[in-house]
Amino acid sequence: MSKISIMLQLNGNWDSYGRFREFQVNGIVVDEDASYSLLISTIAQQLMIDTFEKIIEIKYIVNEHCPPMEIRNDMGVCVYMETKKENKNLGSYPLCIIVRDFNMELSITNENTAAGSSGTLKLLDMPTSPVIEEYESIIITDSTPSFIEVGQVYQDKQTITTAVKHYSIMHKFQFRIKRSSARSYWLICVGENCTWHFKATSINDSVMFKVRNFNSHHTCSLMDNTFIQRKPTAMVVDSMVIPKHSDPKTIYTPKDIQFDMLSEHGMNLTYMQAWREKEKALQFLRGHPVDSYYKLPSYLYTLEKTYPGSIVKLKKTDDDCFLYVFVVMCTSISGWEYCRPVVVVDETSLKSTYMGIMLTASTMDATGTKLPLAYAVVDSENNAS
Ligand SMILES: [Zn+2]
């Protein structure tokens, strides 16, 4: 297959005589029988344009008596190639490239096409100066709203994605992402030929997302099957388990997760699945235990600087692992002389990943109120520690 070299003219503008002005140049080589999508992707690659974010408009001038021709589809490319073949010089029939933001209303023009395979997009004309959009509706901050409808405004993309995941759990189906970027979020049902779709885009480049298009009607027959076959676990973490663990005082065991998932969502989780979800939620909220130990030296340093006179000791093993920590606050030291000469030492086991024992020493003041004197974390109660 013979190749053809094409000059690209970019970042220019069209004057009133239909001439492209003040452009920069670049070039590509493509097959003569290239498709429209190949041409677009070659141009995008060469000019480093993110086609998820930007629209590429391609035009060329046939002759000065005729307005520029725009290439919009395979036939457009074909016509261009036939014209170009007559004069294969690099400089002949350059392609004039205009790149525009994708931040325009997108509408799905063909509701009945198989979603995901041939849904076509049509760009509505963008006003020359974008009108600032009014959003009188309430801005939704809750990621588990009771319903979803066109016109709703969500505070950010994170909220809207979690809301839709929650919605899909409640309605027992699975969706897949057709397009997702900082500005748009477009979903379709995994069911074949299903008309369910959801589309939200950002409002005037802000972080807020508005539901633009939503067809909640399914025409697929797979609803329950696809839902059961696929693991619901990741979504469960987002919408259910994390809020329950946000208060450290709440005791929420894997058994509770199993029970709630069954009663609220009709979903059967094994104990191990529930346990993993709990661990994942805890890690999401509190980070990994290793990271907490990493922070210990800087925490102790700050403690010592903030409360001068405190005694802070950190002992590590030869291979730089945590072994013991010992802390006496300066306030405990100064308070000690006003207390009864009694010291109570107690220990408690730490139940986190790395176990260990926490030792505390406290005393009582003249009124019988407890005053903590010192605390330490050790591996176990032994002579070495
Ligand atoms: Zn469906």
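Reader: How many bridges join strand β14 to strand β15, and do they run parallel or antiparallel?
Author: Happy to start there, with the reminder that this is a predicted model. Strand β14 covers residues 197-202 and strand β15 covers residues 209-215. One facing pair is Ser202 opposite Phe209 in β15. The two strands are joined by six bridges, and their direction is antiparallel.

Reader: Which strands stand at the edges of the open sheet, each with a single partner strand?
Author: The sheet has six strands in the order β10-β11-β15-β14-β13-β12, with mixed pairing. A strand at the edge has a single partner, so one of its sides is left without a neighbour in the sheet. That describes β10 (139-140) and β12 (175-180).

Reader: Which helix packs on the sheet, and what angle does its direction make with that of β13?
Author: The helix spans residues 157-170 and touches β10, β11 (153-154), β12, β13 (184-189), β14 and β15. This is helix α3, and its direction makes an angle with that of β13 of about 10°.

Reader: How many residues lie between β12 and β13 in their hairpin?
Author: β12 and β13 run antiparallel and are joined by five bridges. Among the paired residues, Ser180 has Tyr185 in β13 as its bridge partner. In the hairpin that β12 and β13 form, the number of residues between them is three.

Reader: Is Val325 buried or exposed?
Author: Let's place Val325 before judging it: it sits in strand β17, residues 322-328. Leaving aside residues up to four places away in sequence, Val325 touches Leu296, Leu314, Ala376 and Val377. A residue needs 20 or more C-beta neighbours within 10 Å to qualify as buried. Val325 has 20 inside 10 Å, so it counts as buried.

Reader: What distance separates the C-alpha atoms of Val325 and Lys313?
Author: Along the chain, Val325 and Lys313 are 12 residues apart. In space, their C-alpha atoms are separated by 5.6 Å.

Reader: Which residue follows helix α6, and what is its phi?
Author: Helix α6 takes in residues 254-265, 12 in number. From first C-alpha to last it reaches 16 Å, close to the 16 Å expected at 1.5 Å a residue. The residue that follows α6 has a positive phi; it is Gly266, with phi near 65°.

Reader: What share of the residues in the protein chain is buried?
Author: The chain contains nine helices and 20 strands. Of its contacts with a separation of 6 or more, 48% are between residues 24 or more positions apart. Among the 385 residues in the chain, the buried share is 16%.

Technical notes. Residues numbered from 1 in each chain as written. Predicted model: local features only at pLDDT ≥ 70, side-chain atom pairs only at ≥ 80, totals over all residues. Pairing = 2+ DSSP bridges. Helix = DSSP H or I, 4+ residues; strand = E, 2+ residues; numbered from the N terminus. Contact = placed C-beta atoms within 7 Å. Axes fitted to C-alpha atoms, helices over the stretch in contact; angles between N-to-C directions. Buried ≥ 20, exposed ≤ 12 C-beta atoms within 10 Å, placed from the backbone. Expected span 1.5 Å × (residues − 1).
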